[in-house]
Amino acid sequence: MTYSSEISELIQLTEEALRDSALSDAPTTYIDLLATLLSLQGVETWGEQLDGLNDEEYEVSCPACVSGNFIVLGEVGFFSTTDSMYMKQSTSRKVPLQPRSPETLDGLARTLHSRALADGHPGIAHKLTYVFGNAQCAECDAVFSVEEAITTRWG
């Protein structure tokens with residue numbers, strides 16, 4: 001592999017930075033570093049799309065009706081909506097997201113959730129239960145996997 005020793009060194013440095021206690025008050029920097037680590041490890045979709053946690057939303061298509069849904073993860077709540085102005089209009093339909101229980105997470109979801117907790121970022125770990133959970137389309141009511149919708153759009 002080209003540059004394998006350099007990539008290995010970058011992974012080690014990123015790992016060290018992620019464990020830095022100074023990041024406890026910098027969740028956006030922590031997410032950026034975690035995304036960098038995923039990219040270095042070859043987890044391309046999540047290396048590029050984990051920053052949706054910083055933006056507190058993902059825009060995905062419903063697999064049933066193809067309507068655009070905003071998956072909202074943050075201060076305004078945890079819900080899906082088809083209204084891009086959801087923060088300004090109180091009349092938009094907001095369907096609560098269905099998080100996965102941490103005990104049922106597996107694979108990358110479990111790794112990221114456990115890592116966030118171990119590194120002192122319970123808020124990020126909490127958001128991840130929604131990213132790896134389900135949403136209900138605000139247009140047709142179909143239930144779909146948020147993770148699959150993200151990887152379908154950007155995978």
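Strands β2 and β3 form a hairpin with 2 residues between them; strands here are DSSP runs of E at least two residues long, helices are runs of H or I at least four long, and both are numbered from the N terminus. The model is a predicted one, with local features needing pLDDT of at least 70 and side-chain atom pairs counted only at pLDDT 80 or more, while totals for chains, interfaces and linings use all residues. Residues are numbered from 1 along each chain as its sequence is written, and side-chain values rest on heavy atoms, with hydrogens and water left out.

The β2-β3 hairpin belongs to an open, antiparallel sheet of 4 strands, ordered β1-β2-β3-β4. Two strands are taken as paired if DSSP finds at least two bridges between them. At the edges sit β1 (57-61) and β4 (95-96), each with a single partner strand, so one side of each has no neighbour in the sheet. Strand β1 is joined to β2 (residues 68-74) by 5 bridges, in an antiparallel arrangement, and Val 60 stands opposite Asn 69 in β2. Two helices pack on this sheet. Helix α6 (residues 122-131) touches β1, β2 and β3 (77-81), and its direction makes about 160° with that of β2. Helix α7 (residues 146-154) touches β1 and β2, at about 75° to the direction of β1. Contact here means heavy atoms within 4.5 Å; the axes behind the angles are lines fitted to C-alpha atoms, for helices over the stretch in contact, and the angles run from 0 to 180 degrees between N-to-C directions.

As for the turns, the hairpin of β1 and β2 has 6 residues between its strands, and Val 66 there takes a positive phi near 70°. On the other side of β2, 5 bridges tie it to β3, again antiparallel, with Ile 71 opposite Ser 80 in β3. Strand β2 has 6 of its 7 residues buried, so the rest of the structure largely encloses it. Buried stands for under 20% relative accessible area, exposed for over 50%, and partly exposed for anything in between (1.4 Å probe, protein chains only). Helix α6 is mostly covered too, with 7 of its 10 residues buried; among them are Ile 124, Leu 128, Tyr 130 and Val 131, along with Lys 127.

What about the core: which residues have the most contacts inside the largest nonpolar one? That core has 34 residues, and Leu 50, Leu 53, Tyr 58 and Ile 71 have the most contacts inside it. The elements giving two or more residues to it are α2 (27-40), β1, β2, α5 (107-118), α6 and α7, and α2 gives the most, with 6 residues. A nonpolar core is a set of buried Ala, Val, Leu, Ile, Met, Phe, Trp, Tyr and Cys residues joined through side-chain atoms within 4.5 Å. In soluble globular proteins, nonpolar side chains tend to be buried together.

Ile 71 is worth a closer look. Leaving aside residues up to four places away in sequence, Ile 71 touches Glu 56, Glu 57, Tyr 58, Val 60, Phe 79, Ser 80, Leu 97, Ala 135, Phe 144 and Val 146. One of these, Ala 135, lies in strand β5 (residues 134-136) and counts as buried, at 0% relative accessibility. Beyond four places in sequence, the contacts of Ala 135 include Ile 71, Ser 80, Leu 97, Phe 144 and Val 146. Ala 135 is also 8.5 Å from Pro 99, C-alpha to C-alpha, although the two are 36 residues apart in sequence. Over in helix α1 (residues 4-18) sits Ser 8, which is partly exposed with a relative accessible area of 44%. The C-alpha atoms of Ser 8 and Gln 41 are separated by 9.0 Å, with their positions 33 residues apart along the chain.

Zooming out, the protein chain has 7 helices and 6 strands, in the pattern α-α-α-α-β-β-β-β-α-α-β-β-α along the sequence. Its radius of gyration is 16 Å, which agrees with the value near 15 Å for a compact globule of 155 residues; the radius is taken over C-alpha atoms, and the globule rule is 2.2 Å times the number of residues to the power 0.38. The C-alpha trace spans about 50 × 35 × 30 Å along its principal axes. Of the 155 residues, 41% count as buried.
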